[in-house]
Amino acid sequence: MKIDIDLIRDVLYKGATLSVEDGLPAVKDCYRFLESFARDKVIYGINTGFGPMAQWRVDDRYLKELQYNIIRSHSTGMGEPLDDDDVVAAMMARLGSFLQAKSGIHPETVKLLAAFVNHRIVPFIPQHGSVGASGDLVQLAHIALCLIGEGKVHYQGSWQPTGEVLKRLGLRPMQIHIREGLSTTNGTSVMTGISVVNQLSAERLLDYAVLAAVWMNEIASSFDDWMSAPLNEYRRHTGQRVMAERMRQLAQGSRCLQQREHELYDPQKNHAGYFEHKVQAYYSLRCTPQILGPVYDTLQQARTIINEELNAASDNPIVDPATRNVYHGGNFHGDYISLEEDKVKIATVRLVMTAERQLNYLFHDRINGILPPFLNMGTLGLNYAMQACQFTATSTTAECQTLAMPNYVHSIPNNNDNQDIVSMGTNTALLCRRVINNGWQVMSILYMALAQATDCLNIQDSLAPATRQAYDTIRQLCPTIKEDLPFYDDLVRIEQHIKNTPTW
């Protein structure tokens, strides 16, 4: 069975359920192999201590206790709990690793974890605790704690003792057979789960940025060759070509965009010594295929890496029935996810910066030359329209720029220097989340401004059908601004709508 981003999306947002039955025979075979292989051998985490304590052999009398100890002792996270979607995605990522049949766990653990997903039993996982090296030890321990019937879970809208929820649902807590404690705590599943939710949100944010690019150029009455096929094909990059193609599709039916060949290339019309209409639009308008193209490429690469990680054996040691061996290594190291989430974060910052510059174009009458200051449809001097909205957008963008510093390069040795270089992957994913959420706030202000600019010019009937639908939706969420009123509720309504609705 394969677990991927689209399956997780369907479980999180479309009511799909998860079935692991097809993968259980291989899991069972791996468990049986480990059961026989481990009888007369020293294997890390089965009959040794963990981490720097691996040099000490654990007496056979205490092997089950050893597995419980790693779960309980590592449940040390702090901070606000992760969102439910992050935790469900993390549990599905852990299932993706288990279903590779390289962990040696009992099939009942896989079935129980799938039941947690399907019943939406959400373990309490604090945001802080992972260094992303032996994977997400601390945060996965919080999941494992709930699997053994301890800790607390978010279920049906409230935090409840795990044991009580399991009892009501007729679910038996996880039993320790050989290495369930280590396997459930060892791997990259939390950072990967957060990254899945980030990916879905960032992809949608990019869709809104593409639509905004078309709408911006309609407002500016730009010449349309900035998104032409030949121009963008000659640059060769996949992302730029895809973005330009999407923009052309969204712009179909627009009566706002101009054709250069009908104006500047027509000798009957191009005799002026000075052209009032800009021959070329500002970069934040006409360079959007070149700016958003790398964002698209970055997200496509991240999607590939995340899907690979969802179906990766990120445990240690790796139990391999095929070669009849157990391999010790570092598949739990989170570098792949950490680096990708930094790239997604940086690309998203660039997207947000572009949106903020587009806002500045709309608000700055001496730049656009066609709109009142700050899209003010009231009395200048007495009314202020969207002036203060720019403060919010600019400050939020500035925070994104501060957060753009790569977190992947921040490694602090710990664990008696056993973990002497670490990925900080979960921290990276959470910082990426903050940037994406900031991006939605700036995008919400931009969409309010786009609708207001459309009203200022009275061009709603000339918009492309795609941008007209966007305009109509914004106007259902908030009215045209003519008097000075608090905007924060309107902005939240727009934000919630666009975050949870595909582009028009």
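A residue counts as buried when its relative accessible area is under 20%, as exposed when that area is over 50%, and as partly exposed in between. Keep these words in mind for the close-up views below, which show a predicted model.

**View 1. Tyr282 and Tyr361 meet edge-to-face.**
Start with Tyr361, which is buried because its relative accessible area is 7%, under the 20% limit. Its partner Tyr282 has a relative accessible area of 33%, so Tyr282 is partly exposed. Let us first set another ring pair beside them: Phe124 and Trp159 also form an aromatic pair, with 5.6 Å from centre to centre and 85 degrees between the planes, which is edge-to-face. For Tyr282 and Tyr361, the ring centres are 5.8 Å apart and the planes stand at 65 degrees, so this pair is edge-to-face. Tyr282 lies in the loop between helix H12 (260-263) and helix H13 (283-286), and Tyr361 lies in helix H15 (residues 335-363), so the two rings tie together parts that are 79 residues apart in sequence.

**View 2. Aromatic rings pair up, and some form a cluster.**
The structure holds eight aromatic pairs. One of them joins Phe124 and Trp159; Phe124 sits in the loop between E2 and strand E3 (126-128) while Trp159 belongs to strand E5, so the pair ties together parts that are 35 residues apart in sequence. With a relative accessible area of 36%, Trp159 is partly exposed. Elsewhere, look for Tyr208, Trp215, Trp440 and Tyr447, which ring pairs link into a cluster.

**View 3. Two lysines sit over aromatic rings.**
Which ring does the charged end of Lys41 sit over? That ring belongs to Phe37, and the charged end of Lys41 is 4.2 Å from its centre. In the second example, Lys152 lies over the face of Phe124, 4.5 Å from the ring centre. Phe124 is also the ring that pairs edge-to-face with Trp159.

**View 4. Three strands make an open sheet.**
Strands of a sheet pair through backbone hydrogen bonds, in either a parallel or an antiparallel way. Here the order is E2-E4-E5, and the pairing is antiparallel. E2 and E5 are the edge strands, each pairing on one side only. Two bridges join strand E2 (residues 122-123) to E4, and four bridges join E4 to strand E5 (residues 158-161). Try tracing the partners of Val153: Pro123 is bridged to Val153, and Val153 also stands opposite Gln160 in E5. His154, in turn, stands opposite Trp159 in E5.

**View 5. Side chains alternate along strand E4.**
Which side chains of strand E4 (residues 152-155) are buried? Val153 and Tyr155 are, and they point to one face of the strand. Lys152 and His154 point to the other face and are not buried. Two residues lie between the strands in the hairpin of E4 and E5, where Gln156 takes a positive phi near 50 degrees.

**View 6. Helix H6 is mostly covered.**
How many of the 11 residues of helix H6 (residues 137-147) are buried? The count is 11 of 11. Among them are Leu137, Val138, Ile143 and Leu147, along with Gln139 and His142. Just after H6 comes Gly149, with a positive phi of about 90 degrees.

**View 7. The largest pocket is lined by several helices.**
Rolling a probe the size of a water molecule over the atoms shows where empty space is left. In the largest pocket, that space comes to about 720 Å³. The lining has 26 residues, and those closest to the pocket centre are Tyr13, Leu200, Ser201, Arg204 and Lys499. Helices H1 (5-13), H4 (84-98), H9 (189-219), H14 (288-310), H18 (425-457) and H20 (488-499) each supply at least two lining residues. Which helix gives the most? H9 does, with seven residues. Sorted by class, the lining has eight nonpolar, six polar and 12 charged residues.

**View 8. Phe391 is an exposed residue in helix H17.**
Find Phe391 in helix H17 (residues 387-403). Is Phe391 buried or exposed? Phe391 counts as exposed because its relative accessibility is 56%, over the 50% limit. Now look across to Ala449: Phe391 and Ala449 are 58 residues apart in sequence and 13 Å apart in space, C-alpha to C-alpha.

Definitions and conventions:
Residues are numbered from 1 along each chain as its sequence is written. This is a predicted model: local features need pLDDT of at least 70, side-chain atom pairs count only at pLDDT 80 or more; totals for chains, interfaces and linings use all residues. Side-chain values use heavy atoms; hydrogens and water are left out. Buried means under 20% relative accessible area, exposed over 50%, partly exposed in between (1.4 Å probe, protein chains only). Two strands pair if DSSP finds at least two bridges between them. On a 1 Å grid over the protein atoms alone, a cavity is a set of points where a 1.4 Å probe fits but cannot get out, and a pocket is an open set with protein on both sides within 12 Å along at least five of seven lines; lining residues have an atom within 4 Å of a point. Grid points are joined across faces, edges and corners, and a volume is the space filled by probe spheres set on the points. Ala, Val, Leu, Ile, Met, Phe, Trp, Tyr, Cys and Pro count as nonpolar, Asp, Glu, Lys and Arg as charged, and the others, Gly among them, as polar. Rings of Phe, Tyr and Trp (its six-membered ring) pair if their centres lie within 6.5 Å; planes under 30 degrees apart count as stacked, over 60 as edge-to-face and the rest as tilted. A charge sits over a ring if NZ of Lys or CZ of Arg is within 6 Å of the ring centre and within 35 degrees of the ring normal.
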